[in-house]
Amino acid sequence: MPKHYRPAGKKKEGNAARYITKSQAVKYLQVSLSLFRKLCILKGIFPREPKKKVKGNHHTYYHTKDILFLKHEPLLEKFREMRAYEKKIKKAVSKKNRDLAERLLTRKPTYTLDMLIRERYPKFIDALRDLDDCLSMVHLFAALPAVEREKIPVNRVHNCRRLSHEWQAYISRTHKLRKTFISVKGIYYQAEIDGQKITWLTPHALQQVLPADVDYNIMLTFLEFYETLLAFVNFKLYHSINVKYPPILDSRLEALAADLYALSRFFDSRASMTESKAASIFDSDVSKETNYDESELRLAQLQQQLPSNEPGALMHLVQNAAESDEDDSETRKCKALFKDVKFFLSREVPRESLLFVIPAFGGIVSWDGEGAPFKETDQSITHQIVDRPTQGHKFLSREYVQPQWIYDCINARILLPVDEYVVGRIPPPHLSPFVDNEAEGYVPEYAETIKRLQAAARQEVLPMPGVGKEDLDDPQNLLVEGVIDRAEAIEAAEKKRKMSILQKQYHDELKKELGSTQISAASDGNKDSVSEDIDTGGDSLPDIRQISKDADSMSDVLMPRKKRKLLDAMKRGKEKKQANVDRLKQRNRMIKEGKISEK
């Protein structure tokens, strides 16, 4: 009998033992397909790609250890219990026992995902790394209508809206926002918390149309997990700045659609006792002997000063509580961008987005409507954001700009000139801060203009094209350069010719070594070859290029098929990027020529 003989039906080995198909997993766990999908989403289990698919390429494979984790998950037993309980309710309804059915409905078992959050994210930094999709999903459902046929209840939409505004209130008042960009899909934001960059997408404030080809049950399962995750993150963030969570929305301002400014802060009975004790200690000038720290004293004093119905009460509270933290240089720069600048928003601009980004960079903002902090007639307003071709009445003491000016100033970190953004004028291109122009190979013209404005704001002098920074350090070089320009050009040409000769000699010697030929040329012959090379200027250089090209093609032939396809895809991507850059340059050239011809 062979050494490794295994009878049929016995223990499996290799990929057959490590991976299991989806149908086998459903049968093994004895659950429905929808419940299996829900468990996988909540536990973070995803399909795998084994090197050898035992059951065929048309199956979806999972790791056997992941399925064993699902088998011992407490949620699985809770779902089975809930299913049995629903059968009891259905049986009572079918028997027309209304009292029993109502009593069973009031005691329906529920479940929470708190333990899953702690299991999947043992550290707070892990939750921050996985927050991009969470924020995008929550902001998406906050803008969707409640549709019964798609099983999107009203309370889920309201909860998403509350969580999104709590997140925005923290980001805005702690000045953690870094980038923003308006696109066709929506508005992109990027914040930085504890060194982690978090990017999310917020849809535009328009009427949303629900497509019919989307499985909303799967999206609602993801949303159920993301709601719990974002609540945990908000709780941690609010307590990090000594603000209790959750806050309470002011119903009056919530009815006026001023949700972001309607966040207000109410202390419980223990906090009110802390306030009275802190106030008495502060009045008696013995605060050094108290057991309360400075943050509690500050919050107690703020509670005395803030009325409960003031718009943005929690926003101001979060701002003042966060002032004690040591900010980095980037946060200080963001905080001072719109310092001493007062904005007023007209009715037609995206109010919710501007109410979020303007306070995040130190500005004061109001809007046209009830519950606004100040009216349009306030003489201290410096900028009014409008998006109409004409304006009925204007105040001479303020600037009228389009909303794009706010976002471009945020990305540039300076106050840009308002001449290009006045009402009725086509604004300059809105450049994305998420694109590295140097890496893409094309720098837009307006990006160069912003770069010069940034240098002027920092009181730096940018070098002219063809001039290095070392020339700016020594201005004498610029004076002498005009005199010795021709001599340098001649010397550079001579150096280039000599380098090509030396390079040709090196390649010839290399070819002789590869061909196993003996070098028997005399010194006179070398001198003749050098003189010939000087005359010809290196005619055999294309042969070296051909040799390198043949070597590259040979390496491509010897490469495995999978890596060769990956290399071809990379080459096509580079060619596509270069074609895009060439097209942009040609378009820019045509625009300039058209402008010149018009003049």
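A salt bridge is taken here as a side-chain nitrogen of Lys or Arg within 4 Å of a carboxyl oxygen of Asp or Glu. The structure is a predicted model, in which local features need pLDDT of at least 70 and side-chain atom pairs count only at pLDDT 80 or more, while totals for chains, interfaces and linings use all residues. Residues are numbered from 1 along each chain as its sequence is written, and side-chain values use heavy atoms, with hydrogens and water left out.

With this rule, the count comes to 18 salt bridges. A friendly place to start is the pair formed by aspartate 126 and arginine 129, whose closest N and O atoms are 2.9 Å apart. Both residues belong to helix H8 (residues 124-129), where they sit 3 residues apart, about one turn of the helix. Helices (H or I, at least four residues) and strands (E, at least two) are DSSP runs, numbered from the N terminus. Aspartate 126 has a relative accessible area of 23% and is partly exposed; buried means under 20% relative accessible area, exposed over 50%, and partly exposed in between (1.4 Å probe, protein chains only).

Another such pair is found in helix H5 (residues 74-94), where glutamate 77 and arginine 80 are 3 residues apart and so separated by about one helical turn. Their closest N and O atoms are 3.1 Å apart, forming a salt bridge. Glutamate 77 is partly exposed at 47% relative accessibility, and arginine 80 is partly exposed at 34%.

Turning to distant parts of the chain, arginine 413 forms a salt bridge with glutamate 330, with 3.1 Å between the closest N and O atoms. These partners are 83 residues apart: arginine 413 lies in the loop between helix H18 (404-412) and helix H19 (437-440), and glutamate 330 in helix H16 (residues 329-335). Arginine 413 is buried, with a relative accessible area of 17%, whereas glutamate 330 is partly exposed at 26%. Elsewhere, Lys43, Glu73 and Glu119 are joined into one network by salt bridges that share partners.

Charge also gathers on the surface, where Asp436, Glu438, Glu440, Glu445 and Glu448 make up a patch of negative charge. Patches consist of residues with over 30% relative accessible area and no salt bridge, like charges being joined within 9 Å; Asp and Glu count as negative, and the place of a charge is CG of Asp or CD of Glu. H19 and helix H20 (445-457) are the elements that give two or more residues to this negative patch. Aspartate 436 is placed in the loop between H18 and H19 and is partly exposed, at 47% relative accessibility.

Definitions and conventions: Patches are made of residues with over 30% relative accessible area and no salt bridge: like charges are joined within 9 Å, nonpolar side chains (Val, Leu, Ile, Met, Phe, Trp, Tyr) within 5 Å. Accessible areas come from the Shrake-Rupley method with a 1.4 Å probe; for residues, only the protein chains shown count as cover.
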